[in-house]
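Visitor: I'd like a close look at one part of this model, the place where the ligand sits. Could you walk me through it, backbone oddities included?

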Amino acid sequence: MSFSIAVSGKGGTGKTTMSSLIIRWFVKSGITPVLAVDADPNSNLHMNLGLSYDRTIAGIRENIEEKDVPEGMTKVAYVGLKMEEALIESADIDLLVMGRPEGQGCYCAANHLLKEYLSKLSSRYKYTVMDNEAGMEHLSRRTTDEIDVLLIVAEPTMVSIRSAINVKATAEQIKLKIKKKYLVINKLDESRTESIDKLTGEIEKSGLTLIQKIPADDALIKASEEGKNLLSITDDSPSVKAVNSMMKEVIGK
Ligand SMILES: Nc1ncnc2c1ncn2[C@@H]1O[C@H](COP(=O)(O)OP(=O)(O)OP(=O)(O)O)[C@@H](O)[C@H]1O
Ligand SMILES: [Mg+2]
């Protein structure tokens with residue numbers, strides 16, 4: 001069984017950045033290959049990882065037709081074979097891009113096969129990291145497996161913390177199977193300590209454990225401006241240090 005980490009939160013809080021820095025930690029720690037799943041229809045995780053893709057699960061699924069199933073092969077086996085083509089393999093990271101479901105395709109009959117495939121595929125890896133779109137609802141369509149750790153990313157504002165609380169509530173409402181949920185506060189301006197102090201009460205009320213505060217980091221802004229991948233950011237960058245120091249707790253080691 002793969003240990004799965006899902007990253008969620010409101011738009012723009014830093015989900016993709018967080019997913020990338022987590023993947024970076026696995027790579028630098030030699031815990032590879034790691035499976036990266038880009039579950040945001042607006043797929044951009046690959047850029048942060050210095051990878052490119054030319055196929056997605058959604059795209060491949062759209063093209064699966066019953067008539068194409070070779071004689072003597074079951075539909076399940078055929079779908080599995082086609083899905084395998086969607087996997088982008090590199091030295092340390094294997095990437096699966098879910099892509100944008102077209103029209104009604106999103107709810108088509110192949111969906112449960114897809115879940116089955118994802119479950120089977122991830123079992124080949126020790127760790128899976130899933131970057132998500134804002135919101136939680138789609139997660140139940142993606143996976144039937146239990147998520148080991150859900151990281152909810154928020155910015156250090158009241159509005160953002162409340163959104164994180166909503167994410168937690170939705171996850172509970174739709175009965176997602178999640179072992180542990182943590183809050184990550186991202187883009188913290190260290191010079192304004194009073195801002196985080198004001199949020200402490202709200203965080204306590206949320207029932208979420210704050211696992212890490214990630215500082216606002218110029219290295220990330222620069223990488224983003226220059227379109228550089230985040231694997232190349234140096235170990236002494238404040239955001240990298242912060243992510244690295246939470247990873248042992250994330251994976252329970
Ligand atoms: N700790 C940080 N310091 C500075 N900039 C950051 C930090 N974290 C993220 N950013 C920047 O914030 C922007 C949004 O980050 P990111 O794309 O990771 O958010 P997201 O939650 O995945 O967004 P979306 O909801 O659009 O998928 C990016 O330009 C990123 O470089
Ligand atoms: Mg994103």
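Guide: What follows is a tour of the ligand site, then of a few unusual backbone spots.

This is a predicted model, so some ground rules: local features need pLDDT of at least 70, side-chain atom pairs count only at pLDDT 80 or more, and totals for chains, interfaces and linings use all residues. Residues are numbered from 1 along each chain as its sequence is written, chains are lettered from A and ligands numbered from 1 in the order in which they are written, and side-chain values use heavy atoms, with hydrogens and water left out.

Ligand 1 sits in the largest pocket. A pocket here is an open set of points on a 1 Å grid over the protein atoms alone, where a 1.4 Å probe fits, with protein on both sides within 12 Å along at least five of seven lines; "sits in" asks that more than half of the molecule's atoms lie within 2 Å of the grid points.

Around ligand 1 there are 17 residues, counted when a heavy atom lies within 4 Å. The closest are Lys15, Thr16, Thr17, Asn186 and Asp217. Helix H1 (15-28), strand S7 (178-188) and helix H9 (218-226) each give at least two residues to this shell; helices (H or I, at least four residues) and strands (E, at least two) are DSSP runs, numbered from the N terminus. By type, the shell has 4 nonpolar, 8 polar and 5 charged residues, with Ala, Val, Leu, Ile, Met, Phe, Trp, Tyr, Cys and Pro as nonpolar, Asp, Glu, Lys and Arg as charged, and the others, Gly among them, as polar.

Now the polar contacts, meaning N or O pairs within 3.5 Å. Side-chain N or O atoms of Thr16 and Lys187 come to 2.8 Å and 3.1 Å from an oxygen atom of ligand 1, and a polar side-chain atom of Asp40 lies 3.4 Å from a ligand oxygen. On its own, ligand 1 exposes 630 Å², and the protein buries 77% of that (Shrake-Rupley, 1.4 Å probe).

Lys187 is worth a second look: this residue of strand S7 has a positive phi of about 65° without being a glycine. Its relative accessible area of 37% makes it partly exposed, the class between buried (under 20%) and exposed (over 50%), with a 1.4 Å probe and protein chains only.

Lys175 also has a positive phi, about 55°. It belongs to the loop between helix H7 (158-173) and S7 and is exposed, at 68% relative accessibility. Finally, the peptide bond from Thr32 to Pro33 is cis, omega near -5°, with Pro33 in the loop between H1 and strand S2 (34-39). Most residues other than glycine have a negative phi, and most peptide bonds are trans.

Note on methods
Polar contact = N/O pair within 3.5 Å; in protein donor to acceptor, adjacent residues only side chain to side chain. 1 Å grid on protein atoms, 1.4 Å probe; cavity = no way out; pocket = protein on both sides within 12 Å on 5 of 7 lines; lining within 4 Å.
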